[in-house]
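Got your viewer open? Load the model, switch to a cartoon view and keep the selection box handy.

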Amino acid sequence: MIPKARTESTQPRLEPMLDLEWSQAIELPRTVASATRPSDIRRAWVHRAPEDVVVALYRASSGMHGEIPAPWWLRAVVDGRLESRELGFRIEDRIAGLLGRRPGWEFVPWAADGESGYWEFMPSERGASGHSIPTTVLNTSRHDGWIDVLPAHSSTTPPPIAVAGFAGLRSRLGEFEASR
């Protein structure tokens, strides 16, 4: 005798595909290549959706896989160390206001998936020192100053220099720009 088929439900059982959903949440438009500051690339779902919904999806997605690609500010908000996404945007915009006016600094929008881009000091690349990778300023969630600087280098990436916030960046810019 053939057993009867289960009749609990005739509908297929669908489970959310968190990896795909998160990938779409951080996906940037193709126009980011022409961005000249972080605000130009804030077009992904994580930048526009209600912050509590973004945080909930991030937690659900990272809970299954550990660390996932995400903007620095989102990791800091989820850790309870940064008040809001808006504060993260203000930090990025202050850096853009400072570096965007200084000669030699260029914004690089194509950072790692989900990230907010970074700034490179172009005179430090292939200058008198011959470095092949320029001095780089990027935002981070690894400390509460939110800014790291990678000195110009040619081979192994040096450890990042933790900068004490925007004021620390402004006061040390001469030092960071001196490497050429």
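A word to settle before we start: contact means heavy atoms within 4.5 Å. Also keep in mind that this is a predicted model.

**Stop 1: the whole chain**

Colour by secondary structure. You should find six helices and five strands. Walk along the sequence and the order reads α-α-α-α-α-β-β-β-β-β-α. Now try colouring by burial: of the 180 residues, 43% count as buried. As for contacts with a separation of 6 or more, 44% of them link residues 24 or more positions apart.

**Stop 2: the strands, one pair at a time**

Select β1 (105-108) and β2 (118-121). These two run antiparallel, joined by four bridges. Show Phe107 as sticks, then look across to β2: Trp119 stands opposite.

Next add β3 (135-139). How many bridges pair β2 with β3? There are three, and the pairing is antiparallel. Two of the matches are easy to pick out. Trp119 has Val137 as its bridge partner in β3, and Phe121 has Thr135. So Trp119 is a handy landmark, with Phe107 opposite in β1 and β2's pairing and Val137 as its partner in β3.

Now bring in β4 (147-150). β3 and β4 are paired in the antiparallel sense too, over four bridges. Click Leu138 and look for its bridge partner in β4, Asp148.

Before you leave β3, switch on a surface. Four of its five residues are buried, so the strand is largely enclosed by the rest of the structure. While side chains are on show, here is something to look for in strands: in a regular one, the side chains alternate between the two faces of the sheet.

**Stop 3: Glu120**

Select Glu120, which sits in strand β2. Is Glu120 buried or exposed? Its relative accessibility is 16%, and buried means under 20%, so Glu120 counts as buried. Now show what surrounds this residue. Leaving out neighbours within four places in sequence, Glu120 is in contact with Gly104, Trp105, Glu106 and Val108, and also with Pro134, Thr135 and Thr136.

**Stop 4: Glu115**

Step back along the chain to Glu115, in the loop between β1 and β2. Turn on side chains and find Arg75: the side chains of Glu115 and Arg75 make a polar contact at 2.7 Å. Setting aside residues up to four places away in sequence, Glu115 also touches Ile41, Ala70, Pro71 and Trp72.

**Stop 5: Trp146**

Go to Trp146, in the loop between β3 and β4. Check the backbone angles here. Most residues other than glycine have a negative phi. Trp146 is not a glycine, yet has a positive phi of about 65°. Put the surface back on as well: with 8% relative accessibility, Trp146 counts as buried.

**Stop 6: Pro159**

Carry on to Pro159, in the loop between β4 and β5 (161-163). What a change of scene: at 64% relative accessibility, Pro159 counts as exposed. Not counting residues up to four places away in sequence, Pro159 touches Leu150 and Pro151. Try the distance tool from Pro159 to Val149, C-alpha to C-alpha. They are 8.9 Å apart in space and ten residues apart in sequence.

**Stop 7: the empty spaces**

Rolling a probe the size of a water molecule over the atoms shows where empty space is left. Start with the largest pocket, which holds about 220 Å³ of space. Which residues lie nearest its centre? Select Ser23, Ile26, Pro69, Asp113 and Gly114, which are among the 17 that line this pocket. Helix α1 (residues 18-26) gives the largest share of the lining, four residues. Colour the lining by class and you get ten nonpolar, three polar and four charged residues.

Last of all, look inside. The structure holds one cavity of 30 Å³ or more, and about 40 Å³ of space lies within this cavity. To outline the cavity, select Pro38, Glu92, Ile95, Phe107, Ser116, Gly117, Trp119 and Asn139. By class, that lining comes to four nonpolar, three polar and one charged. Phe107 and Trp119, from the strand stop, turn up again here.

How values were computed:
Residues numbered from 1 in each chain as written. Predicted model: local features only at pLDDT ≥ 70, side-chain atom pairs only at ≥ 80, totals over all residues. Heavy atoms only, no water. 1 Å grid on protein atoms, 1.4 Å probe; cavity = no way out; pocket = protein on both sides within 12 Å on 5 of 7 lines; lining within 4 Å. Points joined across faces, edges and corners; volume = space filled by probe spheres on them. Nonpolar A, V, L, I, M, F, W, Y, C, P; charged D, E, K, R; others polar. Polar contact = N/O pair within 3.5 Å; in protein donor to acceptor, adjacent residues only side chain to side chain. Buried < 20%, exposed > 50% of the residue type's maximum accessible area, 1.4 Å probe, protein only. Pairing = 2+ DSSP bridges.
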